[in-house]
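Let's take a walk through this structure together. Keep the sequence and the 3D view at hand as you read.

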Amino acid sequence: MSAFYRRSAIYAAFFAPSDDIRRSIDALVRKHLRGAPKRVIDPACGPGLWLEHFHRGGAEVAGCDLEESAIAGANERLPKRGARALVGDMRRPPDELGAEFDCAINLDNSIGHLNDPLDVVAHFASMRQRLSRRGIYVIGLAIREAKDTIPTGIVFERGPVDIAGGGFAALRTESLGLDKVTRCERIRQITITANVPDTPAVIAEQYDLLTFTFAMLKDILDAAGGFEVLDCRDATDEDLPKKPFRKGAGDVVLVLRAKDPAGKVVRKAATKPARAAPRRTPSKR
Ligand SMILES: C[S@@+](CC[C@H](N)C(=O)[O-])C[C@H]1O[C@@H](n2cnc3c(N)ncnc32)[C@H](O)[C@@H]1O
């Protein structure tokens, strides 16, 4: 799908998570799990940068990605024990990755690559099946309303930077704006490389990232079986300050938890068998 994503070493050189964002994500996860995660899944894991982070923190990790070469990069990066990365589609991550994850992580609007809202429903529905009862899903996405516009122009520019394995590269990412019909932001990305083995001097490509109106996102979460939004943070600041979950919220990191089949969010694991509820006397009218 993306020539850039196929180049794991180049992707990692530009998008390895900074110390600040690692700290902020760890704090967010620990707040909602009341401790460190034990099993983490990234359904669009790329070269496994976040999986590596959580594995170092002591978690078992698993992930999938559409790109074979990204998975090859992840398997080089990750240790053999306690980590698994497979080629697979986030619409239905491979069953072999397992279930009962207490944390799923999917940042940087990777879900936007699913351009069709029905695919996003399929994704959330299958993530519900992967998560443990009190598991959380930490996801980055963009909430934009029909009236919202995005300034076109450069959104990211960096380089040249050294590439592991040799050579160097520079990257420019531009937004070409939001299509009001498809709800997608069109991105143009140009990578210029020098002396990077087996890599063209210029990688130029264009792709679309789905954005969500507030109403559309709530409908999608309901259609997928129901998720509660436990937290909403501003994804444009690596400290991840709190942000109201509302219309036009922009680029956010959400913390979601599946509602149980009766539609209630699972807040606390029962420690004792519940006592039978006292019978209510019908009120007199
Ligand atoms: C922005 S990268 C994020 C990688 C990784 N999660 C990280 O944080 O470093 C987006 C990734 O989504 C992957 N991707 C796109 N569509 C996908 C799909 N349908 N299923 C699985 N992965 C997909 C791309 O190949 C790419 O590696």
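**From the ligand to the sheet**

A good place to begin is the ligand, where a polar side-chain atom of D89 sits 3.0 Å from one of the ligand's nitrogen atoms. Please bear in mind that this is a predicted model. The backbone takes part here too: a polar backbone atom of A44 is 2.7 Å from a nitrogen atom of the ligand, and for M90 a polar backbone atom is found 2.8 Å from a ligand nitrogen. These three residues belong to a wider surrounding, since 17 residues lie around the ligand. The ones that come nearest are D42, A44, D65, D89 and M90.

Now step back to the sheet. In what order do its seven strands run? Following the open sheet across, you meet β3-β2-β1-β4-β5-β11-β10, with mixed pairing. At the edges stand β3 (83-87) and β10 (227-234); each has a single partner strand, so one side of each is left without a neighbour in the sheet. On average, neighbouring strands are turned by 20 degrees against each other, ignoring direction.

One pairing in this sheet is worth a closer look. Strand β5 (residues 131-143) and strand β11 (residues 250-258) run antiparallel and are joined by eight bridges. To find your place in the β11 pairing, look for G140, whose bridge partner in β11 is V253.

Next, turn to the helices that lie across the strands. Helix α5 (residues 117-130) lies across β1 (39-42), β4, β5, β10 and β11, and its direction makes about 150 degrees with β5. Helix α2 lies across β4 (101-106), β5, β10 and β11, and runs at about 140 degrees to β5.

Helix α2 (residues 19-33) also packs against helix α3 (residues 49-56), at an angle of about 65 degrees and with the axes 12 Å apart. The crossing of α2 past α3 is right-handed. Which residues make this contact? From α2 come I21, R22, I25, D26 and V29, while α3 supplies W50, H53 and F54. By character, the contact residues comprise five nonpolar, one polar and two charged.

Two backbone details round off the tour. In the loop between β3 and β4 you will find E100, a residue other than glycine with a positive phi, near 60 degrees. Further along, strand β6 (residues 153-162) contains P160, and the peptide bond leading from G159 to P160 is cis, with omega near 0 degrees.

Note on methods
Residues are numbered from 1 along each chain as its sequence is written. This is a predicted model: local features need pLDDT of at least 70, side-chain atom pairs count only at pLDDT 80 or more; totals for chains, interfaces and linings use all residues. Side-chain values use heavy atoms; hydrogens and water are left out. Axes are lines fitted to C-alpha atoms, for helices over the stretch in contact, and angles run from 0 to 180 degrees between N-to-C directions. Helices (H or I, at least four residues) and strands (E, at least two) are DSSP runs, numbered from the N terminus. A crossing is left-handed if the near helix is turned anticlockwise from the far one by less than a right angle, and right-handed if clockwise. Contact means heavy atoms within 4.5 Å. Ala, Val, Leu, Ile, Met, Phe, Trp, Tyr, Cys and Pro count as nonpolar, Asp, Glu, Lys and Arg as charged, and the others, Gly among them, as polar. Two strands pair if DSSP finds at least two bridges between them. A residue is near a molecule or strand if one of its heavy atoms lies within 4 Å of it. A polar contact is a pair of N or O atoms within 3.5 Å; within protein, one must be able to donate a hydrogen and the other to accept it, and residues adjacent in sequence count only if both atoms are side-chain atoms.
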